[in-house]
Amino acid sequence: VSVTLLGDLGPHLGFLVSSGVHGSRRGNLRDLQVQHAGHPYRILFAFEPHRYMVLLLLGGLWLLWWVLVGSQRIESNDAYVTGNIAPVPAQVDGTVRRVFVQNTQYVHAGELLAALQGDRSTLAMQAKAAALGWTVRQLRQEFAQVPVVQHRIQAQQATLHKLQDNLQRYLQAQASGSVAAIQISDTQQDILSVKARIATLQARLRAARALVAKTELANNPQVQAAATAFELSYVQWLRRDIRAPISGYIAQRAVQAGQMVQGGERLFSIVPLQPLWVVANIKETEMAQVRPGDPVTLHSYYYGGSVRYHGRVEGLLPGAGSAFSILPPENATGNYIHIVERVPVRISLPAKELERHPLRPGLSMVVQIQIHGHSGRSVLQPLTRTPAKGYETTLYQQELQQARQAAQRIIAQNAGEGKT
């Protein structure tokens, strides 16, 4: 409506309702004459129906879009790229001898990142190797003692049988006086002495068998204990070299040559960039219709709206963000203010789309969750699965295998006859 005021209504505009109003119509114009306080006023109204039609059309289009599109999706820009960030700590104490990598550098699993000075670990390993070799040689003596003691017992038993036979003959010949009583007494004493030696040898045999019975040199408990101590020192020696547990990009390098580090101190981080996913924080008032499996369209501020990713809802975290905060809210206090909570939702990112347009953990994303056409899946049935790549390392298994091979070599070197 166009309004033209002829004259100055000024402060009298509020009294128009009490004034005399006369008007006429000419097409789309409305001509009103107003008398107020002895002053004439003229108002021209221009009615333009097509403008109303445009507004109604725009409103109808917006309503149609909302029914067909807007109400069928949930959009949020409170979403961030998340991925695995593997820490690489120092495994042992020591002084850094050399650093081999820089931030942003790509490394493969097992690649050398830094090296510690290994003097103390080398000496400790050599001491354990010597102890293992000595234990093997001691056990060889114990194994050899068993047949030696058995032969001594057999010899003493033969002597005992001979003395017992002699005593029987002496006793038979005593009546005729051909054998002196002193000879009989000496023979009886010799028998007692031999029996005592046999008992001593049998006790020694039992002791020797207790160390070696039902075992071989390689699986004897004493050898295994010494081998385990050597393997531990060997692993400590190997871990003077700090290697990448998985493949990825170096980040957060926090070590320099000459720096003294402690076991467990974080020196690097490795970011594999595959797999990546998005965690979107959705308002609790919009969560009722979100289900695992819902399709999701995403774009990042990094590439802009021209690059879109097509993921799906994998699962809902079992709690709102406040439940996992460092300082959870105390709603039982008197100063309570209600805040709409947000629930973290995990959204997958296709590997092929990430290969074409790589992302980084921490980047902001805009997500649109399509909530129409539910598959009927419950929120308690997530689609999240753990892949093997990026979640497993064989680095430390190889270390233990090398340690066991070194221990077996020491056992084999000390288990032979050796040279005198």
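User: In this predicted model, which residue forms a salt bridge with Glu-314?
Analyst: The closest N and O atoms of the pair are 2.8 Å apart. That is inside the 4 Å cut-off for a salt bridge. The partner of Glu-314 is Arg-346.

User: Which strands does the pair Glu-314 and Arg-346 tie together, and how many residues apart in sequence are the parts?
Analyst: Glu-314 lies in strand 16. Arg-346 lies in strand 17, so the pair ties strand 16 to strand 17 across a sequence separation of 32 residues.

User: Is Arg-346 buried or exposed?
Analyst: Buried means under 20% relative accessible area. Arg-346 has 18% relative accessibility, so Arg-346 counts as buried.

User: How many salt bridges does the count come to?
Analyst: One of them joins Glu-314 and Arg-346. Another joins Asp-78 and Arg-342, with closest N and O atoms 3.7 Å apart. Glu-399 also forms one with Arg-239, at 2.7 Å. The count comes to three.

User: How many residues apart in sequence are the parts that Asp-78 and Arg-342 tie together?
Analyst: Asp-78 lies in strand 5 and Arg-342 in strand 17. Asp-78 is buried at 18% relative accessible area, whereas Arg-342 is partly exposed at 30%. The salt bridge ties together parts separated in sequence by 264 residues.

User: Where is Arg-239, the partner of Glu-399?
Analyst: Both residues of this pair are buried. Glu-399 sits in helix 6, and the two are 160 residues apart. Arg-239 is in the loop between helix 4 and strand 10.

User: Which element gives the most residues to the largest nonpolar core?
Analyst: That core has 24 residues, and Val-278 and Leu-298 touch the most other members. The elements giving two or more residues include strand 5, strand 15 and strand 18. With four residues, the top contributor is strand 14.

User: Which salt-bridge arginine is in contact with Val-278?
Analyst: Contacts of Val-278 beyond four places in sequence include Ala-79, Leu-298, Val-345 and Met-365. One residue among its contacts also forms a salt bridge with Glu-314. That residue is Arg-346.

User: Is Leu-273 buried or exposed?
Analyst: Leu-273 is found in the loop between strand 13 and strand 14. Its phi is positive, about 65°, although it is not a glycine. At a relative accessible area of 14%, Leu-273 is buried.

User: Which peptide bond is cis?
Analyst: Pro-275 is found in the loop between strand 13 and strand 14. The bond leading into Pro-275 has omega near 0°. The cis bond runs from Gln-274 to Pro-275.

Key: Residues numbered from 1 in each chain as written. Predicted model: local features only at pLDDT ≥ 70, side-chain atom pairs only at ≥ 80, totals over all residues. Heavy atoms only, no water. Buried < 20%, exposed > 50% of the residue type's maximum accessible area, 1.4 Å probe, protein only. Core = buried A, V, L, I, M, F, W, Y, C linked by side-chain atoms within 4.5 Å. Contact = heavy atoms within 4.5 Å. Salt bridge = Lys/Arg side-chain N within 4 Å of Asp/Glu carboxyl O.
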